[in-house]
Amino acid sequence: MNHPNAEEGNIQRGLKNRHIQMIALGGAIGTGLFYGSASVIKLAGPAITVSYLIGGIIIFFIMRALGEMSVEQPVSGSFSQYAYQYWGELPGFIGGWNYWFNYIVVSMAELAVVGTYVNYWLPDIPIWVSALVCLVAITAINLIHVKAFGEFEFWFAIIKVLAIVGMIVFGVAIIVFGFGHGGVPIGLGNLWQHGGFLPNGVYGVILSLVMAMFSFGGVELIGITAGEAENPRKSIPQAINQVVWRILLFYVGALTVILAIFPWNEMGTQGSPFVQIFTHVGIPAAAHLLNAVVLTAALSTYNSALYSNGRMLYGLALQGNAPRLFAKLNTSGVPVAAILVSSGVTLFAVLLSYIDPDRVFLYLMAVATIAIIINWAMILLVQLKFRQKKEAEKAVLTYKLPWYPFSSYISLAFLASILVIMALIPDMRYSLYIAPAWLLCLYIGYQVKAKRQSEPVRNY
């Protein structure tokens, strides 16, 4: 059996604290907010803010569970490594490959919407062409050095954060002073004048929880960066403690402003609601600017997903759960083969964008949500086993999950309820059939790997 090391090979700790902070924040501010929020608004209306509040609380518990392990053992491979060590080889295998699969699908979802943003300016360019150009450019960035990834992601995230803050400030000016609206204040009436704050009742809020949780996917990237952080015991807790309330501020704040400006029942599902808002109030320049921002957001999330996938394959290779080729690093400490293979698989998204560009994002989002739920559930389950072992060893942990173990069990129950909700949504129901088949494939793959490793070496 291959045992992973605490410090993997020549992986370089080149990510500074500012990189970790913005990677953590930027990872969860992407397509789910800028593009997918239009579909969620249709389900819950103004009450979508409640969905994000509920989801944010659960994400806080999940992040603290991951942080508890990441601070104690800052390694590449993140919770796949922890599952391998504290639960067993099979959970480590399933956790790692499911995480990789998750971000392959997320990568595809991001590529699928890039063309939508480009078409806002250049409607004649096929969506698949934009996706292909994005794939090649981001792959090149990830092959340079971890610092290159960190810098690009830092500035990508800065752009997203500043845009949301600016949109909130600008939106408040429209609401209070009527700026850009003929000097007539819009006020907050749109939050309850079109069927009430809960226009589709509690049932609408419940259905919207699925998309809300998808929007938060990416925050667990903090655990992946721990292996390349300069000072993980300081930067990881800071990132986790700050990212949750910041995300809630940006999601709840931004969507409250949007829904106050624009009636929820007139919100279209084509393009970004951020862009629609400013086009509606007669500020086309702002709409162009925000379209550039949402394009940056998609590129940012794809950049993070590719980085994450490369490091996960690298960690799996060190465990013996992936071909050893993926454990090879170049002179800059970058797992080139792992990145190229991950990028190559996402080419499938280019094909999907060519075949069915209108529905590809929704399909990919449903599959990604299932994979994300499996990831989060494994984080919580592994943390329970991690804590049990540490308590048996009488180890002193410096960063603990609050209200353990109740917070872990509550979060697991919530994730199970998301699966039930997905069964109620026709366009997402099919992903529930994919999940068991995918887990069965992983189990078969593990058995094949275990059989090969147990076979004696034959000398001829």
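Where in the chain does Trp403 lie? Select Trp403 and have a look: the residue is in the loop between H16 and H17. We'll come back to that loop shortly, but let's get our bearings.

**The whole chain**

Keep in mind that what you have open is a predicted model. Colour the protein chain by secondary structure, and you should find 18 helices and zero strands. The chain has 460 residues, and 60% of them count as buried. Now think about which residues touch which. Take the contacts between residues at least 6 apart in sequence: 82% of these join residues at least 24 apart.

**Stop 1: the loop between H16 and H17**

Back to the loop. Helix H16 covers 360-392, and helix H17 covers residues 406-423, so select what comes between them.

Start with Lys394, which lies in this loop. Check its backbone: phi is near 60°, a positive value in a residue that isn't glycine. Is Lys394 buried or exposed? Lys394 has a relative accessible area of 72%, and because anything over 50% counts as exposed, Lys394 is exposed.

Next, go along the loop to Trp403 again. Its phi is near 60° too, once more a positive value in a residue other than glycine. With 61% relative accessibility, Trp403 counts as exposed.

Now show the backbone atoms of Tyr404 and Pro405. The peptide bond from Tyr404 to Pro405 is cis, and its omega is near 0°. Pro405 also belongs to the loop between H16 and H17.

**Stop 2: H4 against H17**

Carry on into H17 and add helix H4, residues 48-72. Two packed helices are described by the angle between their axes and the distance between the axes. Here the axes come within 9 Å and cross at roughly 130°. H4 and H17 are therefore oblique to each other. Their crossing is left-handed.

Which residues make the contact? Show these side chains:

- from H4: Ile54, Ile58, Phe61 and Ile62
- from H17: Ser407, Ser411, Phe414 and Leu415

Sorted by class, this contact of H4 with H17 has six nonpolar residues, two polar ones and no charged ones.

**Stop 3: H7 against H14**

Hide those and select helix H7 (residues 127-142) and helix H14 (residues 336-345). Their axes are 10 Å apart, and the helices pack at an angle of about 165°. H7 and H14 are therefore roughly antiparallel to each other. The crossing of H7 and H14 is right-handed.

For the side chains, pick Leu135, Thr139 and Asn142 in H7, which meet Ile339, Leu340 and Ser343 in H14. The contact of H7 with H14 has three nonpolar and three polar residues, with no charged residues.

**Stop 4: rings meeting rings**

Time for the aromatic side chains. The count comes to 12 aromatic pairs. One of them is Phe93 with Tyr446, an edge-to-face pair: the ring centres are 5.6 Å apart, with 65° between the planes. This pair links distant parts of the chain, as Phe93 is in helix H6 (residues 89-121) and Tyr446 is in helix H18 (residues 426-454), 353 residues apart. Both Phe93 and Tyr446 are buried.

Stay in H6 and select Tyr99 and Tyr103. How is this aromatic pair arranged: stacked, edge-to-face or tilted? The pair is tilted, at 4.9 Å centre to centre and 45° between the planes. Tyr99 and Tyr103 are four residues apart in H6, about one turn of the helix. Tyr99 is buried, with a relative accessible area of 0%. Tyr103 has 4% relative accessibility and also counts as buried.

Before leaving, select Phe93, Trp97, Trp100 and Tyr446 together. Ring pairs link these four into a cluster.

**Last stop: Ser304**

Finally, find Ser304 in helix H13, residues 284-319. At 3% relative accessibility, Ser304 counts as buried. What is Ser304 in contact with, leaving aside its neighbours within four places in sequence? Show Phe149, Glu153 and Leu221, and you have its contacts.

Terms used. Residues are numbered from 1 along each chain as its sequence is written. This is a predicted model: local features need pLDDT of at least 70, side-chain atom pairs count only at pLDDT 80 or more; totals for chains, interfaces and linings use all residues. Side-chain values use heavy atoms; hydrogens and water are left out. Axes are lines fitted to C-alpha atoms, for helices over the stretch in contact, and angles run from 0 to 180 degrees between N-to-C directions. Helices (H or I, at least four residues) and strands (E, at least two) are DSSP runs, numbered from the N terminus. Angles under 35 degrees count as roughly parallel, over 145 as roughly antiparallel, 65 to 115 as roughly perpendicular and the rest as oblique. A crossing is left-handed if the near helix is turned anticlockwise from the far one by less than a right angle, and right-handed if clockwise. Contact means heavy atoms within 4.5 Å. Ala, Val, Leu, Ile, Met, Phe, Trp, Tyr, Cys and Pro count as nonpolar, Asp, Glu, Lys and Arg as charged, and the others, Gly among them, as polar. Rings of Phe, Tyr and Trp (its six-membered ring) pair if their centres lie within 6.5 Å; planes under 30 degrees apart count as stacked, over 60 as edge-to-face and the rest as tilted. Buried means under 20% relative accessible area, exposed over 50%, partly exposed in between (1.4 Å probe, protein chains only).
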